[in-house]
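Thanks for coming, everyone. Let me put the chain on the screen and walk you through it.

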Amino acid sequence: MSILWLLLLALYAVGVAEGDEFSLAIIPKSIVVTFGETPSIRVEANGYLPVPIRVHLAQQEEVQVLSNRTLSFGEGLRNESVEVLLHPVRQGRFIIQPVIEPPGVVDGSRLFLLMKVAMYEPLIIISLLIGWTYTACWSIGYYPQIWYNYRQKNVVGLSFDYLHINIIGHITYVIFNAFLYWNSYIEEEYYRRHPLGLNPVILNDIGFAAHAVFGTGFTILQCRWYYNGGNTVSKPAKAIIGLFLLLIVASMSMAWLRYIHWLDFLYVLSYIKLLTTMVKYFPQAYMNYCRKSTVGFHIMNRLLDLAGGLFGILQMIINAWNFDDWTSIGGDPVKFGLGIFSILFDFVFMFQHYVLYRNSKPKPDPVDLPILQKPVKTTSVEE
């Protein structure tokens, strides 16, 4: 008996040496189609298969399988690709997960297809254009303030608290996106927790977050180069930033000591990003209120942010209607709520700039601010 086991292990080792461990995959794993189309996918088998298996793509109410409903793969080294033709019956977001027989031979936890079926193809194109539009609005939004600082050669009226809290959020967001996108160890853990999920990070997310770090970081450098009238980061803001750094160090230590997974550490970074979004606008709004002026804070930044936010909401509504998937709007309530929160603050800044402090000079008298930094005397030129 022992000799037989050794022989089987030897044969298996040879099979693995000649090929790889057997795997099944659906290519592509996610598709977007229009109602009435008949898209095709491929089921790929690679590696050494110890026993024959059959893969059943069960008929579903939402999606019909027009060809190769049952696929058979024989024992041995396999390198096959079989095309399967599908026909969506209605709009929506559907997950097709085949059944493998006999069970337990192949890990089929990641063998699935995510299909999104839209009603009208032009709306898909419009949604894509809207996506690029709001990305452009948010990306360009950093430069009016940078140009204004350069032109005036001072940063009086710009809240240092806002900038420093903001860059903490952007840096943590870059780290979260980069590791979840590029690190296979992190990605495998994410798939283990979400077996029917796709990686939520795309390359554009990393680029956008990195650009946000650059834009905010360059503005902070300008705060060191140009006249600031004694403006500094307030003690409460330093305490908030210190708390964020303490959370980062504590969660990193726990991950290093294996009390938590590194994916949980990345989640902590994402929560810090959310928290910075919740608190970063208050310092600038309060500073404007105490100075009775918005001079030094370029309103175009907020106008572009508002345009981007409204375009983002419009895209969500179009996609929800086109794909008949209204639950997608509330699928991430925290992210959606923070988007609305940012838009509300955009209106606050607009009200301050165009109504409350229109054509007003900064208030010259310093005021003791219990929460944020003190306003400074300035003779900044009006925008």
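**Cores, strands and a pocket**

Start at Leu180. Leaving out residues up to four places away in sequence, Leu180 touches Ile186, Glu187, Tyr190, Asn199, Pro200, Val201, Leu263 and Leu266. Contact here means heavy atoms within 4.5 Å.

Some ground rules. This is a predicted model, where local features need pLDDT of at least 70, side-chain atom pairs count only at pLDDT 80 or more, and totals for chains, interfaces and linings use all residues. Residues are numbered from 1 along each chain as its sequence is written, and side-chain values use heavy atoms, with hydrogens and water left out.

Now the overall picture. The chain has 11 helices and 10 strands. Those are DSSP runs, numbered from the N terminus: helices are H or I, at least four residues, and strands are E, at least two. Of the 383 residues, 45% count as buried. Buried means under 20% relative accessible area, exposed over 50%, and partly exposed in between, with a 1.4 Å probe and protein chains only. Take the contacts with a separation of 6 or more: residues 24 or more positions apart make up 76% of them.

Back to Leu180. Which residues touch the most other members of the largest nonpolar core? Leu180 and Phe349 do, in a core of 39 residues. A nonpolar core is a set of buried Ala, Val, Leu, Ile, Met, Phe, Trp, Tyr and Cys residues joined through side-chain atoms within 4.5 Å. Helices H4 (160–182), H5 (184–193), H6 (203–225), H7 (235–256), H8 (262–279), H9 (281–291) and H11 (333–356) each supply at least two residues of this core. H4 gives the most, with 8 residues. There is also a second, separate core of 27 residues, with Val43, Leu71, Val84 and Ile100 among them.

Stay with H4. His170 is found in this helix. Is His170 buried or exposed? His170 has 7% relative accessibility, so it counts as buried. Apart from neighbours within four places in sequence, His170 contacts Tyr142, Ala212, Val213, Thr216 and Lys273.

Next, H9. Here 8 of the 11 residues are buried, so H9 is largely enclosed by the rest of the structure. Among the buried ones are Tyr281, Met287 and Cys290. Just after H9, Lys292 takes a positive phi of about 55°.

Now the strands. Two strands pair if DSSP finds at least two bridges between them. E3 (residues 40–49) and E7 (residues 76–88) run antiparallel, joined by 10 bridges. Ile41 has Val84 as its bridge partner in E7. Val84 also appears in the second core. E7 pairs with E5 (residues 63–65) as well, antiparallel, over 3 bridges. There, Val63 stands opposite Pro88.

E8 (residues 92–96) alternates. Gly92, Phe94 and Ile96 point to one face and are buried. Arg93 and Ile95 point to the other and are not. E8 runs antiparallel to E10 (residues 113–118), with 5 bridges. Phe94 faces Met115 across that pairing.

Last stop: which residues are closest to the centre of the second largest pocket? They are Phe22, Ser23, Leu24, Val106 and Asp107, out of 15 lining residues. E1 (23–27) and E3 are the elements that give two or more residues to that lining. E1 gives the most, with 3 residues.

Methods: 1 Å grid on protein atoms, 1.4 Å probe; cavity = no way out; pocket = protein on both sides within 12 Å on 5 of 7 lines; lining within 4 Å.
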